[in-house]
Amino acid sequence: DFQLTPQSRLAIEEICRLTQGMPLALVLAASWMALLSPEEIAREIRRGFNILETDFRDVPERQRSIRAIFDFTWGLLEKAEQRVFARLSVFRQGFSVEAAQMIAQGSLHSLRGLLKTAVLQPTPRERRFEVHELLRQYAAEHLHSSDELDATAAAHSQYFLEFIRDRSEYIKDHRQLEALDAFQADEENIRAAWEWAVQHDQ
């Protein structure tokens, strides 16, 4: 009996963006419709993915929550892959292989392992990869509970501030389009790097 309205349509579109269309996440989000409005569900997902669970008994244990799925995936990873995965959570909007190696200290072997388990996904841009946003939040929890958060965030900030500096001269010559394309690809990384530097008086 759900009636779609212009307001609820916007909230549902946001839920789809927040979950990046992950089928199980959408099913678990929809299971809250008897209690919450689409707007409230979207707000809860913005706070974290713990709402994406169900107590339905006819659902396999591993599919009763997004966290259960992620815990299972985490358990499939080697220890080195787990550490790299956690560090990769500092990235926003994807990253290059070079950035992953420099900031997350990810070896090619570890990155290949994360690709094989679908933790990493290739993007339309060549040699760039991304982590599903819900997975990124999960990995960030592991990074925050480790002793590597500050060092990884600092490395991320330094890398992208140098990234800006090294390409600033491009704006003044015939490589303007190349520079703008690079800045656009890493816009969210640059913003996060800048904010961290300001917060830490760098």
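**Entry 1: Arg165 and its partner**

I began with Arg165, which counts as exposed because its relative accessibility is 53%, and the cut-off for that word is over 50%. I noted at once that I am reading a predicted model, so I keep my wording careful. I then looked up what the side chain of Arg165 meets, and I found a salt bridge with Asp166, at 3.1 Å from N to O. Asp166 itself has 43% relative accessibility and therefore counts as partly exposed.

**Entry 2: the other salt bridges**

How many salt bridges does the count come to? I wrote down eleven, and I chose some of them to follow further.

One of them joins Asp181 and Arg125, whose closest N and O atoms are 3.2 Å apart. This pair links distant parts of the chain, for Asp181 sits in helix H10 (residues 176–185), while Arg125 lies in the loop between strand S2 (121–122) and strand S3 (128–130), and the two are 56 residues apart. I checked the accessibility of both partners, and I recorded Asp181 as partly exposed at 37% and Arg125 as partly exposed at 31%.

Another salt bridge is formed by the side chains of Glu188 and Arg191, with 3.8 Å between N and O. Both belong to helix H11 (residues 187–199), and because they are three residues apart there, about one helical turn separates them. I reminded myself that an α-helix has 3.6 residues a turn, so residues three or four places apart point the same way. Glu188 is partly exposed at 32% relative accessibility, and Arg191 is partly exposed as well, with a relative accessible area of 41%. When I looked for further partners, I found that Glu187 joins Glu188 and Arg191 in a network of salt bridges.

**Entry 3: the two sides of helix H2**

Next I turned to helix H2 (residues 23–30) and asked which of its residues are buried. I listed Ala25, Leu28 and Ala29 as buried. Looking down the axis of H2, I saw that these buried residues fall within an arc of 100 degrees, so they line one face of the helix. On the face turned away from this buried side, H2 carries the exposed residues Pro23 and Val27.

What covers the buried residues of H2? I noted that the cover includes helix H1 (6–19), helix H3 (38–47), helix H4 (66–76) and helix H8 (133–144).

Key. Residues numbered from 1 in each chain as written. Predicted model: local features only at pLDDT ≥ 70, side-chain atom pairs only at ≥ 80, totals over all residues. Heavy atoms only, no water. Salt bridge = Lys/Arg side-chain N within 4 Å of Asp/Glu carboxyl O. Helix = DSSP H or I, 4+ residues; strand = E, 2+ residues; numbered from the N terminus. Buried < 20%, exposed > 50% of the residue type's maximum accessible area, 1.4 Å probe, protein only. Arc of directions from axis to C-beta. Contact = heavy atoms within 4.5 Å.
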